Amino acid sequence: MRKLRLFFFGRLFWYAAVLIGFAALAVCLPIFLPAALPALAVFSWAAALAAAFILFAFPAAPEYRTAWLVLILALPLLGAIAYMVWGNYKFAARIRKKHLFPSETRTWQGDGYADRTMRECASLAREVSAPVHALTADYYPDGEWLSPLLADMAAAKRFLWLEFYIAAQGEFLDSVLSVLKERTAAGVDVRFLYDDFGCASALPRDFAERLGSCGIRACAFNPMHAFRFSALNSRDHRKLAVIDGECAYTGGFNLADEYIGRKIRFGHWKDAAVRVTGAPAAQFARMFARQWAYRHPNDFAADEAAIPDSAKGEIPCLAFCDDPFLPERSVGAGIYSSLFATAYERIYLFTPYLMPDARLSSALKTAAKAGKDVRVLIPHIPDKRAAFVLTRFFARELEKNGIAVREYYPGFLHAKTCVCDGKYAAVGSYNLDFRSLYLQYECGVLVDDKAFAAALERDFLSAWELGVPVGKNTKTEAALCALLRPFVPLF
């Protein structure tokens, strides 16, 4: 009942109501207005043709184009308008150009990497991150990040910036807000950026105002009531906490009780996080400053000046992110592809959703055929049925090409990590699906350190032992896959 109440009185209901009303109008118009049918048919044909030409006029992955073409073919008028509103990044890019900041376009100057793999990954991320070295890098599985995160936040002296896809009322969020209020009272610059779609059913509409009354600067990213172009697709999926530009946390966790084991959803919730200090933390601070400036552009210059030049460490570390308004970058997809291609012995992956595009799928299959030990662990208990069915479909496809895939039997696996050869380790907010790699705001960190990679390998192997074979394909799942497969990039 609580979920239904949140839906009908929340922001998602009105968004869904508009979509349903629009679809009903498109269906009923030719039925109840026969005289307008010929003109409507011509208009639908013209709109579909125009949308198809625009679809091919801008850079996009083949899978993305295919999904929209199928939708336009099935529903010419509705599909064409839907693409122009939610799928066409031309409009979104125009909006974003107003907020292109110097740090996104300047040539980065930073310490180079002696390692070839790190050099290649740094070149992919050069426009959004500089090659840096961390002072420390610590890996935390299964909610172990809670205590150090709260302690670091409580020690903030200059600024405390949070950016999360989901924040839900409960023990975890209450603990965080308690620290934020205390730090605000101490004169610290505290900000909270959350995705409006991700929090639509978890937070009240006036959440930002409530925090504002306590002195905390908060705002919803891509507010749904604004009905911006691509607002539904361009979600801020990052999970990021930055303290003074000297310490930062990222990973798969959001600010909700299930992520720390205080609430049971879908069995045991398996997640992971990373804490970095030094130069990568300053890079994450710059990422937040750019994101915050999308809603508050006048703050950008002062925010840049407030970020310290952190002390150089000895651990090669690359902080990277993606901006869906500039989809040709595809930083995360490029980094993962490079890791798969350059691995010598083994690749271990945690991912809650396994729906890779042709680029990453081919890289994984090539690695397995070359004799590398490639393993992927996915959830056994789903949080979204449709995504779970498609994840199993891709898992079976990978298994046919020599890749070992298991399901995490205790429950839902939400960790997003990759470790290669016991040397390179990536932790962040990226899922191995099209939406995460190409359509959303994401962030992550790549570390070249054997001790850090060993911690990830131990965590993966212990979880792997709890894995079971991928479930058999039922007739219902096969039918659902056939229906959903063309639309994977739109999920």
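Student: Which element of the chain has the lowest mean pLDDT, and which the highest?
Tutor: Helix α7 (residues 102-105) is lowest with a mean of 43, and strand β10 (residues 346-350) is highest with 98. pLDDT is the predictor's confidence in each residue, from 0 to 100. Helices (H or I, at least four residues) and strands (E, at least two) are DSSP runs, numbered from the N terminus.
Student: Where do these numbers come from?
Tutor: This is a predicted model, where local features need pLDDT of at least 70, side-chain atom pairs count only at pLDDT 80 or more, and totals for chains, interfaces and linings use all residues. Residues are numbered from 1 along each chain as its sequence is written, and side-chain values use heavy atoms, without hydrogens and water.
Student: What does the chain average?
Tutor: The average pLDDT is 85, and 84% of the residues score at least 70.
Student: Which stretch is below 50?
Tutor: Residues 97-110. Beyond near neighbours in sequence, that stretch has 30 contacts in the model, a contact being heavy atoms within 4.5 Å.
Student: New topic. At what angle do α16 and α19 pack?
Tutor: At about 95 degrees, with the axes of α16 (residues 385-399) and α19 (residues 475-484) 10 Å apart. Axes are lines fitted to C-alpha atoms over the stretch in contact, and angles run from 0 to 180 degrees between N-to-C directions.
Student: What is that called?
Tutor: That angle makes α16 roughly perpendicular to α19, a label for 65 to 115 degrees.
Student: Which residues make the contact?
Tutor: From α16, R385, A386, V389, L390, R392, F393 and R396 take part. From α19 come E477, L480, C481 and L484.
Student: How many are nonpolar, polar or charged?
Tutor: The contact has 7 nonpolar residues, 4 charged and no polar.
Student: Which residue types count as what?
Tutor: Ala, Val, Leu, Ile, Met, Phe, Trp, Tyr, Cys and Pro are nonpolar, Asp, Glu, Lys and Arg charged, and the others polar.

Key:
Angles under 35 degrees count as roughly parallel, over 145 as roughly antiparallel, 65 to 115 as roughly perpendicular and the rest as oblique.
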